[in-house]
Amino acid sequence: MKAFLILEDRTVFTGTSIGSTRDMISEIVFNTSMTGYLEVLTDPSYAGQAVVMTYPLIGNYGITPDMESKKAWPDGYIVRELSRMPSNFRCEGSIQDFLKAQDIPGIAGIDTRALTKILREKGTMNGMITTNENYDLDEIIPKLAAYTVGDVVSKVTCEEKYTIEGEGKKVALMDFGAKNNIAKSLNQRGCEVTIYPAHTSADEIIASKPDGIMLSNGPGDPADCKDIIREIKKLYDSEIPIFAICLGHQLMALATGATTHKLKYGHRGGNHPVKDLSNNRVYISSQNHGYVVDTDSIDKNIAAPAFTNVNDGTNEGLTYVGKNIFTVQFHPEACPGPQDSGYLFDRFIEMMGGNK
Ligand SMILES: NC(=O)CC[C@H](N)C(=O)O
């Protein structure tokens with residue numbers, strides 16, 4: 001069946017429908033990862049967005065147990081070519097069947113390179129995937145322009161707290177849309193990890209006396225998370241060590257007076273170079289974000305830049321003055337992508353006093 005991807009600038013791509021055939025409107029973003037399509041599909045930070053994979057062949061090893069959450073979160077999926085015959089000893093099914101089962105509409109067989117060039121030159125924009133050949137652009141474009149990602153953290157966070165047992169330090173993980181490998185990275189290092197719903201009060205977290213608090217990644221515009229930001233300010237005021245990733249990093253910055261803005265087309269992929277400003281070493285990082293902390297808005301008495309992006313100079317991490325708090329914009333938990341910065345979990349454990 002034919003499918004159409006319609007962009008806010010009136011560009012229309014014609015391809016083949018994959019997954020669900022229902023209409024979808026979303027923000028269209030591109031990811032340049034060459035591996036790890038399943039981790040991308042199940043990363044809750046994509047809620048409210050449809051993702052274009054720039055790597056031309058997707059799905060060749062099918063669906064494996066590498067899910068980063070319990071389901072797929074993007075509103076839509078856009079690829080050049082979907083593998084017709086997935087093959088891997090861990091393969092449990094095809095991506096086509098997975099998208100159908102998850103009711104996610106998609107489009108294959110379009111020139112994703114041309115699409116990515118448009119998004120890179122004009123910036124991230126909204127779009128629609130439809131199988132209706134009689135689409136009416138004049139009717140659709142205003143609907144696309146009106147779309148906003150909205151409050152997606154509430155949609156992706158867990159409903160109730162739960163604990164992953166461990167013998168070492170007790171970590172409270174705030175789930176704003178956490179990827180599984182954050183809890184796993186801590187647990188593999190011995191930590192007992194309790195995962196809390198995003199709207200848990202700071203008082204409850206502090207009363208549970210954790211050795212450290214981890215603020216997770218998550219979807220949407222950080223500045224929209226006003227209630228959560230208020231609670232994070234209380235966590236900042238407590239003396240508990242804190243490590244934060246991506247949305248968590250942005251929320252801590254907002255809670256302490258900095259501002260954020262939306263990048264033209266974001267950083268989503270597995271090869272983003274970030275420089276550790278303490279030793280000028282460059283790490284290749286996994287990234288998925290559309291917003292950044294404004295470097296100029298950081299109060300020197302509160303925080304200092306710890307990492308910058310080598311490609312565009314934007315902020316990639318902060319250390320907080322006089323506090324046991326550090327935060328990063330990229331993904332040390334990888335999944336997908338390089339694990340170069342996994343040592344940051346060790347740094348967090350040291351900050352909590354070490355595991356033994
Ligand atoms: N992966 C994330 O946590 C993303 C954070 C935020 N939603 C952004 O796009 O910038």
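What pLDDT does the chain average? In this predicted model, the chain averages a pLDDT of 97, and 100% of the residues score at least 70. The model as a whole gets an ipTM of 0.97 and a pTM of 0.97. With that in hand, here are the close-ups.

**View 1. The two domains, side by side.** The chain splits into domain 1 (2-146) and domain 2 (153-351). Taken over C-alpha atoms, their centres sit 27 Å apart. Where they meet, 23 residues of domain 1 are in contact with 23 residues of domain 2. On the domain 1 side, strand S3 (24-31), helix H1 (37-41) and helix H3 (112-122) each chip in at least two residues. S3 gives the largest share of that side, with 3 residues. Sort the domain 1 side by type and you get 9 nonpolar, 10 polar and 4 charged residues.

**View 2. The residues around the ligand.** Zoom in on the ligand and you'll find it surrounded by Ser45, Asn217, Gly218, Pro219, Gly220, Pro222, Cys246, Leu247, Asn288, His289, Gly290 and Tyr291. S16 supplies the largest share of this shell, 4 residues. What kinds of residues make up the shell around the ligand? It divides into 5 nonpolar and 7 polar residues, with no charged ones.

**View 3. The listed binding site.** An unreviewed UniProt entry lists Ser45, Gly218, Gly220, Leu247, Gln250, Asn288, Gly290 and Tyr291 under "binding site". These positions span 247 residues in sequence, yet no two of their C-alpha atoms are more than 13.3 Å apart, so they gather at one spot.

**View 4. A closer look at glycine 220.** This glycine 220 is in the loop between strand S13 (212-215) and helix H8 (226-237). Is glycine 220 buried or exposed? It counts as buried, because it has 25 C-beta neighbours inside 10 Å. Leaving aside neighbours within four places in sequence, glycine 220 is in contact with Gly48, Val149, Asp151, Val152 and Val153.

**View 5. A closer look at asparagine 288.** Here we land in strand S16 (residues 281-293), the home of asparagine 288. With 29 C-beta neighbours inside 10 Å, asparagine 288 counts as buried. Not counting residues up to four places away in sequence, asparagine 288 touches Asp43, Ser45, Arg268 and His331. Ser45 is also one of the residues UniProt lists for the binding site, while His331 turns up in the next view as part of the listed active site.

**View 6. The listed active site.** The unreviewed UniProt entry puts the "active site" feature at Cys246, His331 and Glu333. They are spread over 88 residues of sequence but cluster in space, with a largest C-alpha distance of 11.0 Å. Cys246 also belongs to the residues surrounding the ligand.

**View 7. Histidine 331 and glutamate 333 up close.** Where does histidine 331 lie? Look in the loop between strand S19 (325-328) and helix H10 (343-351). Glutamate 333 lies in the loop between S19 and H10 too. Histidine 331 counts as buried, with 27 C-beta neighbours inside 10 Å, and glutamate 333 counts as buried with 27 such neighbours. Leaving aside neighbours within four places in sequence, histidine 331 is in contact with Asn217, Ile245, Cys246, Ser285, Ser286, Gln287, Asn288 and Gly337. Glutamate 333, not counting residues up to four places away in sequence, touches Lys179, Asn181, Ile182, Ser185 and Ile245. Ile245 shows up among the contacts of histidine 331 and among those of glutamate 333.

How values were computed. Residues numbered from 1 in each chain as written. Predicted model: local features only at pLDDT ≥ 70, side-chain atom pairs only at ≥ 80, totals over all residues. pLDDT = per-residue confidence, 0-100. UniProt positions renumbered as here; feature names shortened; annotations may be inferred. Buried ≥ 20, exposed ≤ 12 C-beta atoms within 10 Å, placed from the backbone. Contact = placed C-beta atoms within 7 Å. Near = placed C-beta within 6 Å. Nonpolar A, V, L, I, M, F, W, Y, C, P; charged D, E, K, R; others polar. Domains from an automatic or database assignment.
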